[in-house]
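Dear colleague,

I am handing over the structure that follows, and below it I have set out what was found in it. Please read the notes with the sequence and the model open beside you.

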Amino acid sequence: MELSVVFAFIGTIFLVSVSPGLCMTLSMSLGIRLGVRKTLWMMLGELLGVALVTTAAIVGVAALLLAGPLVFTVFKWLGAAYLFYMGWQTWQAEPTPPEQIATGATHSRLALASQGFITAVSNPKAWAFLAALMPPFINQDAPLLPQMLIFLGIILIVEFMCLLLYAQGGRALNRFLHKRGKAQWLTKVSGALMFFVGVWLLFS
């Protein structure tokens, strides 16, 4: 595989990943409420979902699934309902001080990972984008598996870096508002972001 192709792919994926989207907004919301460490579990689920979508796109399954959107409809409604529930719970919760944020949350690791996975897998735009993006970068005359592993590795690394950046931003916002006596806005912002992601997911 030519280095020019790899670098072009890295640049494309970075621009797409760093742009505000469903998963990045969710990462910032959880970063505000739970801190970076616990948000890592959501990131794990999200990366597993991205890996599934990317693999399917590379082998051409995405094109078939896009023709039968029932599976997306089910995932979208389930994912949106869960995000609405979490958004309402977060909106009503008391803001957690920065020094207590790592121990004050009660969200289970499985729930956070599931939240990330559902959000990643149930976004039809991600499937459509990757199904359209991957073919031009794949060399049909070279073995598919090594190319798939390289592209998948690049996507997961770049995606994780961007998720971490947004979660860190949410954590910084928590500290900023607490220092200025505006801590009551934290749960409102975090809950509103979850509502926003749910609506976005529902109508995407």
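A residue counts as buried here when its relative accessible area is under 20%, as exposed when that area is over 50%, and as partly exposed in between. By that definition, 45% of the 204 residues of the protein are buried. Please keep in mind throughout that this is a predicted model.

The overall make-up comes first. The protein has 10 helices and 0 strands, and from the N terminus on its elements run α-α-α-α-α-α-α-α-α-α. Among the contacts with a separation of 6 or more, 89% are between residues that lie 24 or more positions apart. The protein exposes about 10,400 Å², and carbon and sulfur atoms supply 72% of that area.

Helix 2, which covers residues 22–34, is a useful place to begin a closer look. Its 13 residues should span 18 Å at 1.5 Å a residue, and because its end C-alpha atoms are 18 Å apart, the model agrees with that expectation. Of these 13 residues, 12 are buried, so helix 2 is largely enclosed by the rest of the structure; the buried ones include Leu22, Met24, Leu26, Leu30, Ile32 and Arg33. Just after helix 2, Gly35 takes a positive phi of about 90 degrees.

Ser27 belongs to helix 2, and it counts as buried because its relative accessibility is 0%, which is under the 20% limit. Leaving aside residues up to four places away in sequence, Ser27 touches Thr39, Met42, Met43, Leu163, Tyr166 and Ala167.

Helix 3 (residues 36–59) has 24 residues and reaches 34 Å from its first C-alpha to its last, which is close to the 34 Å expected at 1.5 Å a residue. Gly60, just after helix 3, takes a positive phi of about 90 degrees. Helix 7 (residues 109–121) has 13 residues and a reach of 18 Å between its first and last C-alpha, close to the expected 18 Å, and its buried residues are Leu112, Ala113, Gln115, Gly116, Thr119, Ala120 and Val121.

Helix 9 (residues 144–179) contributes the largest share, 3 residues, of a nonpolar patch. This patch lies on the surface and is formed by Leu40, Ile157, Phe160 and Met161, which together have about 360 Å² of accessible area. Phe160 lies in helix 9 and is partly exposed, because its relative accessible area is 31%.

Leu144 also lies in helix 9, and at 38% relative accessibility it counts as partly exposed. Although Leu144 and Val59 are 85 residues apart in sequence, their C-alpha atoms are 8.8 Å apart in space. Leu144 touches Ile58 and Ile138, if residues up to four places away in sequence are not counted.

Finally, a word on the cysteines. A disulfide is a covalent bond between the sulfur atoms of two cysteines. With a limit of 2.5 Å between the sulfur atoms, the count comes to 0 disulfides. Cys23 is buried, because its relative accessibility is 12%, and Cys162 is likewise buried, with a relative accessible area of 2%.

With best wishes

Conventions: Residues are numbered from 1 along each chain as its sequence is written. This is a predicted model: local features need pLDDT of at least 70, side-chain atom pairs count only at pLDDT 80 or more; totals for chains, interfaces and linings use all residues. Side-chain values use heavy atoms; hydrogens and water are left out. Helices (H or I, at least four residues) and strands (E, at least two) are DSSP runs, numbered from the N terminus. The expected span of a helix is 1.5 Å times one less than its number of residues. Buried means under 20% relative accessible area, exposed over 50%, partly exposed in between (1.4 Å probe, protein chains only). Patches are made of residues with over 30% relative accessible area and no salt bridge: like charges are joined within 9 Å, nonpolar side chains (Val, Leu, Ile, Met, Phe, Trp, Tyr) within 5 Å. Accessible areas come from the Shrake-Rupley method with a 1.4 Å probe; for residues, only the protein chains shown count as cover. A salt bridge is a side-chain nitrogen of Lys or Arg within 4 Å of a carboxyl oxygen of Asp or Glu. Contact means heavy atoms within 4.5 Å.
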